[in-house]
Amino acid sequence: MAANNSRLILALDVPTRARAIELAGQTGEYVSHFKVGSRLFTSEGPSLVREIKDAGYGVFLDLKFHDIPNTVAEAATAATALGVDMFDVHASGGLDMMEAAVEASREEAERMGIAPPKILAITVLTSRPSTVEEVLALAERARAAGVHGVVSSAWEAKAIRENMGTDFLIVTPGIRPAWSAKNDQRRVATPEVAIANGADYIVVGRPIRNAEDPTGAAKIIIDEMAPAEVPQ
Ligand code: C5P
């Protein structure tokens, strides 16, 4: 069963269902949501998402939708029908595209009688450089579209929190505890810094997945985050 006071999102960037279920079993007690990205979703599909949900965990479907508004609306309907708790779209896809996603997701949730999933907008991928102005402009556009929050690096989290107020989710990947390798991430931050900068959730993949003891690594990361209220 998922930890209900955790701010840790674990990236299930693994090739197979078996590996995903194994990693979920090792870390679930410390994790708030499991992030299912394009690799795992392409190989294992919606049935794995349902399986993770049925085991009592939150799911962040990280497919970064970016297409014409109608197509993204249809993807948003499908993600909502699948029962995920969060999914994301690219803010650079534009206001109309994001509005279409919000509207379609809300309608589907209402039809199903469930709470709509949180929609996050990708500002700028953490593997490429960006300016705070660029990120803030994308975050403003996301909020204007009715999106619930953004995915951004911990370095921009502070400016986003200051400019967007408290009622806006900030999810930060590119997290590297001091004891772990940077891999290909450029703008990394430790869990403490990300939370101190205003992140609601941190996304961690390789520092846990590649650890000799993933359970222990997840626990250390939880301990490294300052205790605080979890966003509703
Ligand atoms: O292994 P690592 O901790 O670097 O994993 C980070 C995860 O966050 C990956 O799944 C990556 O795709 C994702 N991500 C990112 N930067 C973004 C959005 C998502 O690194 N802006």
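Let's start with helices α1 and α9. α1 covers residues 17-27, α9 covers residues 214-224, and the two pack at about 50° with axes 8 Å apart. Axes here are lines fitted to C-alpha atoms, for helices over the stretch in contact, and angles run from 0 to 180 degrees between N-to-C directions. So α1 and α9 are oblique to each other. On that scale, under 35 degrees is roughly parallel, over 145 roughly antiparallel, 65 to 115 roughly perpendicular, and the rest oblique. Helices and strands are DSSP runs, numbered from the N terminus: H or I with at least four residues for a helix, E with at least two for a strand.

A word on the source. This is a predicted model, where local features need pLDDT of at least 70 and side-chain atom pairs count only at pLDDT 80 or more, while totals for chains, interfaces and linings use all residues. Residues are numbered from 1 along each chain as its sequence is written, and side-chain values use heavy atoms, with hydrogens and water left out.

Back to the pair. α1 passes α9 in a right-handed crossing. Right-handed means the near helix is turned clockwise from the far one by less than a right angle; anticlockwise would be left-handed. Who makes the contact? From α1, Leu23, Gln26 and Thr27; from α9, Pro214, Thr215 and Ala218. Contact means heavy atoms within 4.5 Å. By type, that contact has three nonpolar residues, three polar and no charged. Nonpolar is Ala, Val, Leu, Ile, Met, Phe, Trp, Tyr, Cys and Pro; charged is Asp, Glu, Lys and Arg; the others, Gly among them, are polar.

Stay on α1. Its buried residues include Ala20, Leu23, Ala24 and Thr27. Buried is under 20% relative accessible area, exposed is over 50%, and partly exposed is in between, with a 1.4 Å probe and protein chains only. Those four span an arc of only 100° around the axis, so they sit on the same side of α1. The arc is taken from the directions from the helix axis to the C-beta atoms. The general rule helps here: an α-helix has 3.6 residues a turn, so residues three or four places apart point the same way. On the other side of α1, Ala18 and Gly25 are exposed. And the partners of the buried residues? They pack against β1 (8-11), β2 (33-37), α2 (38-54), α8 (206-209) and α9.

Now zoom in on Thr27. Thr27 lies in α1. Thr27 has a relative accessible area of 0%, so it is buried. Beyond residues up to four places away in sequence, Thr27 touches Leu10, Phe34, Ile208, Pro214, Thr215 and Ala218. Its C-alpha is 8.8 Å from that of Ala217, and the two are 190 residues apart along the chain.

Next, His33, in strand β2. Buried or exposed? Buried, because its relative accessibility is 10%. Outside its neighbours within four places in sequence, His33 contacts Leu8, Ile9, Leu10, Gly58, Val59, Phe60, Asp85, Met86 and Tyr201. The C-alpha atoms of His33 and Arg7 are 8.4 Å apart, with their positions 26 residues apart along the chain.

On to α4. Helix α3, residues 69-82, packs with α4 at about 35°, axes 8 Å apart. α3 passes α4 in a right-handed crossing. The α3 side brings Pro69, Val72, Ala73, Ala76, Thr77, Thr80 and Ala81. The α4 side brings Asp96, Met97, Ala100, Ala101, Ala104, Ser105, Glu108, Ala109 and Met112. That contact divides into eleven nonpolar, three polar and two charged residues.

Look at Ser105 there. Ser105 is in α4, residues 95-112. Ser105 counts as buried because its relative accessibility is 2%. Setting aside neighbours within four places in sequence, Ser105 contacts Ala76, Thr80, Phe87, Pro116, Pro117 and Ile119.

α4 also meets α5, residues 132-144, at about 40° with axes 8 Å apart. That makes α4 oblique to α5. The crossing of α4 past α5 is right-handed. Leu95, Met98 and Glu99 of α4 contact Arg141, Ala142 and Ala144 of α5. Here the split is four nonpolar, no polar and two charged.

Last stop, α6, residues 154-164. Its buried residues are Ala154, Glu156, Ala157, Ala159, Ile160, Arg161 and Met164. Their cover includes α5, β6 (149-151), β7 (169-172) and α7 (191-196). Just after α6, Gly165 takes a positive phi of about 80°.
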